Amino acid sequence: MLACAIITAAAVGYLLGNGNGALIVSRLVFHEDVRTKGSGNAGLTNFFRNYGGLSTLLVIAIDVGKTVLACFAGGLLFRAFGLKGDSLWTLGKMVGGFACVVGHSLPVFFGFHGGKGVLCSGVLSLCMCPWTFLILFAVFVILFSLTHYVSLGSVACGICYPIVFAFFFPKSLPILLMACGVTMLVVLLHLPNLRRLFAGSESKVYLKKR
């Protein structure tokens with residue numbers, strides 16, 4: 001039953017993750033594909049750089065909503081398979097949420113070319129434990145405020161992800177393994193950004209534009 005629950009929760013989470021906010025909004029509102037703009041990434045940062053405005057809030061709402069739904073759908077599916085208890089509820093949320101991050105980054109319906117999963121990973125940490133989110137968010141805000149490099153803050157959060165999760169979920173190896181999976185996904189998808197950072201050609205992001 002546990003295997004069935006994991007497969008079902010992962011499948012639901014992955015399919016929800018395919019609902020990429022940047023792709024949906026750029027196509028419906030601007031009749032364009034955000035992947036043809038800027039860095040070519042279907043993520044929040046590239047969308048904000050090219051479109052900005054209130055439409056960015058709609059992208060955030062979609063990506064936050066689908067991740068929250070995936071997390072709690074995972075927990076509910078575990079219970080539907082007769083797997084009860086707080087630890088199994090938490091595991092179900094992590095399975096659904098992690099699969100959503102994968103679906104957002106590697107969406108089968110968009111040619112496996114999606115976003116970099118940073119926002120979804122942050123929402124996943126919030127659904128798992130608010131303290132994990134607050135710590136990771138603090139890391140991001142500090143680095144972004146000092147450098148204005150979104151990629152640097154994102155990679156730092158990705159590296160810190162399993163460390164923070166190990167502190168709050170020390171007895172759950174599956175959760176820690178999925179947290180490590182988030183790190184691998186975030187870092188690998190940011191390799192081009194890291195190369196530009198080392199070359200001094202990475203673009204900075206300013207929340208206020210002239």
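Let me begin with a definition: a polar contact is a pair of N or O atoms within 3.5 Å, and within protein one of them must be able to donate a hydrogen and the other to accept it. With that in mind, and remembering that what we have here is a predicted model, look at S121, whose side chain reaches the backbone oxygen of G117 at 2.5 Å.

S121 lies in helix α6, and because its relative accessibility is 3%, it counts as buried. If we leave aside its neighbours within four places in sequence, S121 is in contact with V101, Y161, V182 and V186.

Two of those partners, V182 and V186, take us to helix α9, where they are among the buried residues, together with others including I175, L176, M178 and L185. Helix α9 runs from residue 173 to 189, and its 17 residues reach 24 Å from the first C-alpha to the last, which is close to the 24 Å expected at 1.5 Å a residue. What covers the buried residues of α9 includes α5, α6 and α8.

Now to the aromatic residues, of which the structure holds nine pairs. In one of them, F72 and W89 sit 6.0 Å apart, centre to centre, with 55° between the planes, and the pair is classed as tilted. F72 belongs to helix α4 and W89 to helix α5, so this pair ties together parts that are 17 residues apart in sequence. The two residues fall into separate accessibility classes, since F72 at 34% counts as partly exposed, whereas W89 at 17% is buried. Y161, which we met as a contact of S121, pairs with F165, and here the ring centres are 4.7 Å apart and the planes lie at 20°, so the pair is stacked. Both residues are in helix α8, four residues apart, or about one turn of the helix, and both are buried.

Finally, let me turn to a second serine, S26, which lies in helix α2, residues 21–29. Is S26 buried or exposed? Its relative accessibility is 0%, so S26 counts as buried. A polar atom of the S26 side chain lies 2.9 Å from the backbone oxygen of A22. Beyond its neighbours within four places in sequence, S26 is in contact with H31, E32, D33, V34, F47 and Y51, and of these, F47 and Y51 form one aromatic cluster with F30. As for A61, which is 35 residues from S26 along the chain, the C-alpha atoms of the two are separated by 14 Å.

Definitions and conventions: Residues numbered from 1 in each chain as written. Predicted model: local features only at pLDDT ≥ 70, side-chain atom pairs only at ≥ 80, totals over all residues. Heavy atoms only, no water. Helix = DSSP H or I, 4+ residues; strand = E, 2+ residues; numbered from the N terminus. Buried < 20%, exposed > 50% of the residue type's maximum accessible area, 1.4 Å probe, protein only. Contact = heavy atoms within 4.5 Å. Expected span 1.5 Å × (residues − 1). Phe/Tyr/Trp six-rings, centres within 6.5 Å; stacked < 30°, edge-to-face > 60°.
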